[in-house]
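The exercises below are meant to be worked with the sequence and the structure side by side. Try each task before reading the solution under it.

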Amino acid sequence: MVEHGDFASNSLNNHQSDFCTLLNGLQSMHNEERTNAETQYEQIPAQTRLGLLLQSMSTGQTTELRSFSAVLLRRLLVKNLDEAYEQLNPTDQASVRQQLLLCVTNEPDASVRRKAADAAAEMARNIGDVAASGNDSSNACGWPEFVQLAAQCVHSGQPATQQIGLHLLAQVPSAFSHPASLPLVHQLLDKAVSDAGSAAVRSAGVKAACAFLVANEEEEGTLNQMRDLLPPMLRGLAESIVTPESDDASGDEDAVLKGFVELAEVLHKWLRPQLTQLIELCVQTVGNQQLPDSRRHLALELVVTLSENAAASVRKAGAGKVGALVQQVLMLMTDLEDDPEWALQENKDEDDDDESNAINGETALDRLCCGLGGKAMLPHILELVPHMLRSPTWQHRHAALMAVSACGEGCHAQMESMLDNVLAAVLPFFQDPHPRVRYACCNAVGQMCTDFGKIMPKKFHAQIVPNLLRLFDDYANPRVQVHACAAMVNFSESCPKSILTIYLDSLISKLEQILSTKFQELVQKGNKMVIEQVVTTLASVADTAEEKFIQYYDKFMPCLKYIMENAVQKELSLLRGKTIECISLIGLAVGKEKFLADASAVMQMLLRTQTDHPLAEDDPQMTYMISAWARMCKIMGREFEPYLPLVMGPVMKAAEIKPEVCIMDSEEVQNAEQDPEWQFIKLADEQNFAIKTSGLEDKANACQMLVCYARELREAFAPYTEQVAQLMVPLLKFYFHDEVRSAACESLPHLLECARSQGPTFLGNLWGYIRPSLIAAIGDEPEPEVQADGLSSLAQCIEAMGAGCLADSMDPCLELLEKLLNSHFEKAEKRQAARQDEDYDDVEEERLKTEGEDDEYVLSRVADVLHSLLSAYKQQFEPQLQRLLPLIAKLLDESRSWLDWQWGVCIFDDVIEHLGPASFRYQEVFLPRLVSSAVHKEPDLRQAALYGLGVAAQFGGPQYHPTLSQMMPFLVQLIAAPDSRNEDNVSCTENAIAAATKILKHCPAENVPRILAIIGECLYREALDEDKPTAARIVAIARQVLANPEAVKACWPQLTEQQQAALQSR
């Protein structure tokens, strides 16, 4: 056994009784005594602590002492396993494991026994699995005695002991996951979930089954072997909802429900045979007001999670229950107290209480609409909401309006055609007698403006703006007044300037009046809620109005500068921050000429903030200041350069924020879940990855501001390029925040341009630092949108650096492109397989199309990289092109979508342009598709192909001439078509004209009469856009032909009278 050794020169030496005294000191209520005990405890070597804690667990005289020892032992194994256990010799390790299991089996108290089991589970989790030999399931784990103990406990016939065995299985399912253990595991779980004598054992069995299944989510064979457990598990779930086991040592009565939520997230297909029954149970639970709200919320979370992860299955299996579910969700949303002081309360959001029925219902409705789609959800919402709007109870009217807010995103396609009716139903409630209903009406209209973009202001501005302005005067209900101003922000963000200008006078007048009134209220009473929102609304209006705001500039700037200069108290930090934002947005809107007189004073005030009133790390002003500096940079241009040394420090500090991360067990997660700044991701077994998210938005914002400086200041930013690059390149793999990675990608080509002034050596070294990390990050990027940003960055960098820029990175770059193209084809195959699923429907098809569009976006960026490579390397790239050719050619296969054809054609357009006549050796691969695509019904594909015909004429050489001559009738037909100038076709028509012009210029003379006829037809039909350079080139070519008498003699008889007249007019 472990040699206890010395207590680090501590007088406690090796006496267990002294150690027990020390443990009591660790639990002392007196700070000094507890601190001294903690110091002594930490001085004890880890191996010694391990032995003493095991001894205390075994022989401690009190339940409290044994319980505390078990907790400390588990912490020791989590934090100091290497020192405490792994450095022991094998004999002592075996002794430790044996004593730990004895502590579990011999402990008489249920609570302490569970804590001992937790410590044993921690040990098993860290030991890990080893290869099993033969068919002996006891050897399927690195600690076979652990598996044996769990099995013995489950077979004991004693409910309390059985629960411990199942708890061990649930805590470390990986220890039981070896194929040789599966018959044993199935036997244990089957026995438990069907136990006839104890509801507690059945509950523990279901929890263990859920944990085991989730741990084996990718093992199809394991899941199939466990499939017969589903019916009794579902019965156990139903039982746990109605009669939860209060004697469960975990103290969590909803653990079974939580286990099913995990199953719904990762194993929804495994649940499919019982999905109808599961959905029905959830709906019943949500509607059962006799149950605790927390349990109803979990049941709702279960069905929502299913809807998000298995939407098609839920639409099919739960078709008859969606209406009842919507009704129950809406009823949750009506659970609001009538607080007479609500409308006057400062700094209280409508969604403050995340645990309330109303907020849970609203969030669930939003997620259900996004998950199941508008076709499944909207009919039920439309059936119920009108009745609720007519209700005399304000809570029902409020819930109905909040439902309109919640369903817009998910039901977008279906609602868009009925916005007139929806808005007509909502608008009367701007004048509802209850302030919270008016608040909800503002919320609904504001959210609709966000969800439906420019449609709302363009079609309904005359209905929306007057109603919002009316509520600007609701001084008796500040929270309603604030929300009306917030809704105006939503409106103005999507409103065209021409429409907002109609209302500027009245809107500015109202804002000026509120600002004046509330400024006095701020001084006299300290109320700041309304003025904070008014400043934000003013900023949004100015941002949209742009130069139209100049006439109002002098009304507001003095007051805003006064607030910025004097609102230095801590409680006014948010107001000052929003004022800083407002001033900078107004400056950007009115332009440099108008704002310059105030720009210097504003910058001085911003900079004094750092010296006269240093900001705390969590002060909201810093975020606003960093964004304001970037706007000032845009306004002032190179005149901002002197301020760079002063602003770069805070911006870099914010960009360098490192999130606090750790690994927590489930118990620690439960203790930390109340803190909204922490987020958790479940890992294996009971381990969770925890990240403190506060500061991440500030980090992303600061990174984007650095991009702005590099883009706007170029060589003036050169002194900072190395420092910023050293920050940004590692952030390419900052997986905690997508926008940080996107900003890092975006910054790199700008940094290269900034560095150009530092000379070729510095530029080359910087690119050498960026290049391998960028290529690797793109390949590892999990988010398609960020991956596309990375590819765009790589393409721009290659263009900036030119031929030879990839050096030793050419192979990694080609491997990346091969990986992405193969992934593109694999994803397409998976989507095609999904169309064969039993639950496939038209809504699922919409989702698959959206996925396909996301994938095509990444493909378009792959094409950009190939364009840059061909543009930079030209003929030198041909060997690398041949390596990629099979994958690029696959894009043009008959079986591919027209979008694949489009990007394949685009790539070969570049091949023709940059390889010239050498490109013809690949004509069998691409030329038939290029020709057929030139007359395809899809304009985007047609446009790419027509461009390719022009490129072939200009760069391809005589080998292309026969094909190009054959295409002339089609070009004539495209140009002469009656719809050639409509919105969809105009770009195609211009490319067709350009192609015809290039064929005339570069191909044999027999094309001249035909081309002259085309030009004459274009002029006659006014198909040429006179503002485009293409038109001038075409006319110039026609004049060259007409200046040759022999050409006129040959061509003129073949032209129509209209074509002749049109040509003569030029």
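**Exercise 1.** Is Glu546 buried, partly exposed or exposed? Determine also where Glu546 sits and what its backbone phi angle is, bearing in mind that this is a predicted model.

*Solution.* Begin with accessibility: Glu546 has a relative accessibility of 36%, and because partly exposed covers values between 20% and 50%, Glu546 counts as partly exposed. Next, place the residue in the chain, where Glu546 belongs to the loop between α29 (529-545) and α30 (553-566). Finally, read the backbone, where phi of Glu546 is near 55 degrees, a positive value in a residue other than glycine. As background to that last step, most residues other than glycine have a negative phi.

**Exercise 2.** Carry out the corresponding analysis for Ala807, starting from its phi angle.

*Solution.* Ala807 is not a glycine, and yet its phi is positive, at about 45 degrees. In the chain, Ala807 is found in the loop between α40 (784-801) and α41. Its relative accessible area is 52%, and because exposed means over 50%, Ala807 is classed as exposed.

**Exercise 3.** Which side chain of opposite charge is nearest to Arg113, and how far away is it?

*Solution.* First locate the residue: Arg113 is found in helix α7 (residues 110-127). The nearest side chain of opposite charge is that of Glu107, 6.2 Å away. Because a salt bridge requires a side-chain nitrogen of Lys or Arg within 4 Å of a carboxyl oxygen of Asp or Glu, this pair does not qualify, and Arg113 is buried yet has no salt bridge. To complete the surroundings, leave aside neighbours within four places in sequence; Arg113 is then in contact with Val104, Glu107, Pro108, Ala160 and Ile164.

**Exercise 4.** Describe the surroundings of two loop residues, Gln345 and Phe472.

*Solution.* Gln345 lies in the loop between α19 (322-333) and α20, where it is partly exposed, with a relative accessible area of 21%. Beyond its neighbours within four places in sequence, Gln345 is in contact with Asp339, Arg479 and Met529. Phe472 lies in the loop between α26 (455-471) and α27 (478-493), and at 0% relative accessibility Phe472 counts as buried. With neighbours within four places in sequence again set aside, the contacts of Phe472 include Gln481, Ala484, Cys485 and Met488, and also Leu507, Lys510, Leu511 and Ile514.

**Exercise 5.** Which helix gives the most residues to the lining of the second largest pocket? Build up a description of that pocket from its volume to its chemical character.

*Solution.* Start with the space itself, which amounts to about 1000 Å³ in the second largest pocket. The pocket is lined by 40 residues, and those nearest its centre are Glu308, Glu844, Arg847, Leu848 and Glu851. Turning to the helices, α42 gives the most to the lining, with nine residues. Several helices each supply at least two lining residues, among them α17 (293-309), α20 (357-372), α41 (810-834) and α42 (842-873). Sorted by character, the lining of the second largest pocket divides into 13 nonpolar, eleven polar and 16 charged residues.

Methods: Residues numbered from 1 in each chain as written. Predicted model: local features only at pLDDT ≥ 70, side-chain atom pairs only at ≥ 80, totals over all residues. Heavy atoms only, no water. 1 Å grid on protein atoms, 1.4 Å probe; cavity = no way out; pocket = protein on both sides within 12 Å on 5 of 7 lines; lining within 4 Å. Points joined across faces, edges and corners; volume = space filled by probe spheres on them. Helix = DSSP H or I, 4+ residues; strand = E, 2+ residues; numbered from the N terminus. Nonpolar A, V, L, I, M, F, W, Y, C, P; charged D, E, K, R; others polar. Buried < 20%, exposed > 50% of the residue type's maximum accessible area, 1.4 Å probe, protein only. Lys, Arg positive; Asp, Glu negative; His and termini not counted. Contact = heavy atoms within 4.5 Å.
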